[in-house]
Amino acid sequence: MTLDATHKFNSELTAERLFGWHAALFPTGRSNRRSIAVATWRDASAGPMQVVSGERGRERVHYEAPAAAKLDSEMGTFIEWHNGDLQIDPIIKAAVAHLWFVSIHPFEDGNGRIGRAISEMTLARSEGTPLRAYSMSAEMYAERQAYYEELEAAQKGDLNISSWLLWFLSCLNRAMARKGTP
């Protein structure tokens, strides 16, 4: 998935490509011993898609994604924006793309990993090469507690994503420093 994202960074992002990435993540159709729908948007059968933590009966809902009925429209808008030739700094675009994708949360599982692949793809586009001496995805994983906190703050906020953008840029800087990149 990540190799496809970075080595074919100039190829358009499409629903079919995202479905292929999702199928690569879950080739058995299972996630943590439960069956999931693979290579398709999530449906409404399981109810609202919520990001939850805590023990049973004392769960805390961190975020509720858009209803499954809206996914075709939401993902169509996202994909059109991502493929568009907008006058936006490509690094800012990578940050916004990640936040937007994981906020739509179109799959039953794997949204964060696919969102990070979209960020890697967008960063590769910004540099015009698939070869980079750093991994934004690895840095996000290393900083996952702060990552989840920043995502939650951005998703529950007032649409001002400045804090998320600052965190993303700082995380990118740390990823580059970790690999010795100036």
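This is a guided tour of the structure, stop by stop, with a selection to make at each one.

**Confidence**

Begin by colouring the chain by pLDDT, since this is a predicted model. The mean pLDDT of the chain is 93, and 98% of the residues reach 70 or more. To see the two ends of the range among the elements, select strand β3, residues 50-53, which has the lowest mean pLDDT at 84, and then α2, which has the highest at 98.

**The nonpolar core**

Stay with α2, residues 15-25, and turn to the largest nonpolar core, which holds 43 residues. Select L18, W21, F78, F101, I118 and W164, the members that touch the most other members of this core. Each of α2, α3 (71-83), α4 (90-104), α5 (111-127), α6 (136-142), α7 (144-156) and α8 (162-178) supplies at least two residues of the core. In soluble globular proteins, nonpolar side chains tend to be buried together.

Now centre the view on L18 and show what surrounds it: leaving aside residues up to four places away in sequence, L18 touches L13, W41, M75, I79, F101, F107, I114 and I118. Two of these contacts, F101 and I118, were also in the previous selection of core members.

**S31 in strand β1**

Next select residues 30-31, which form strand β1, and pick out S31 within it. Is S31 buried or exposed? With a relative accessible area of 5%, S31 is buried, because this value falls under the 20% cut-off. Beyond residues up to four places away in sequence, S31 touches F26, I36 and D109. For a sense of distance, draw a line from the C-alpha atom of S31 to that of N10, which is 21 residues away along the chain, and the separation is 30 Å.

**Salt bridges**

From S31, move to its contact D109, whose side chain meets that of R113 in a salt bridge with an N to O distance of 3.8 Å. R113 is partly exposed, with a relative accessible area of 36%. A search of the whole structure finds 10 salt bridges, and a few others deserve a stop.

- Select E127 and R132, which form a salt bridge whose closest N and O atoms are 3.8 Å apart; E127 is partly exposed at 35% relative accessible area, whereas R132 is buried at 18%.
- Select R174 and E143, whose side chains meet in a salt bridge at 2.6 Å, N to O. R174 lies in helix α8 and E143 in the loop between α6 and α7, so the pair ties together parts that are 31 residues apart in sequence. R174 is partly exposed, with a relative accessible area of 34%, while E143, at 15%, counts as buried.
- Select D4, K8 and R17 together, as these residues are linked in a network of salt bridges.

**The largest pocket**

For the last stop, show the surface and look for the largest pocket, which has a volume of about 970 Å³. Of the 31 residues that line this pocket, Q50, V51, V52, H105 and D109 are the closest to its centre, so selecting these five will bring you to the right place. The elements that give two or more residues to the lining are β3, β4 (60-64), α5 and α7. Which element gives the most to the lining of the largest pocket? Select α7 to see it, as α7 contributes seven residues.

D109 makes a fitting place to finish, as this residue touches S31, shares a salt bridge with R113 and is among the residues closest to the centre of the pocket.

Methods
Residues numbered from 1 in each chain as written. Predicted model: local features only at pLDDT ≥ 70, side-chain atom pairs only at ≥ 80, totals over all residues. Heavy atoms only, no water. Helix = DSSP H or I, 4+ residues; strand = E, 2+ residues; numbered from the N terminus. Buried < 20%, exposed > 50% of the residue type's maximum accessible area, 1.4 Å probe, protein only. Contact = heavy atoms within 4.5 Å. Core = buried A, V, L, I, M, F, W, Y, C linked by side-chain atoms within 4.5 Å. Salt bridge = Lys/Arg side-chain N within 4 Å of Asp/Glu carboxyl O. pLDDT = per-residue confidence, 0-100. 1 Å grid on protein atoms, 1.4 Å probe; cavity = no way out; pocket = protein on both sides within 12 Å on 5 of 7 lines; lining within 4 Å. Points joined across faces, edges and corners; volume = space filled by probe spheres on them.
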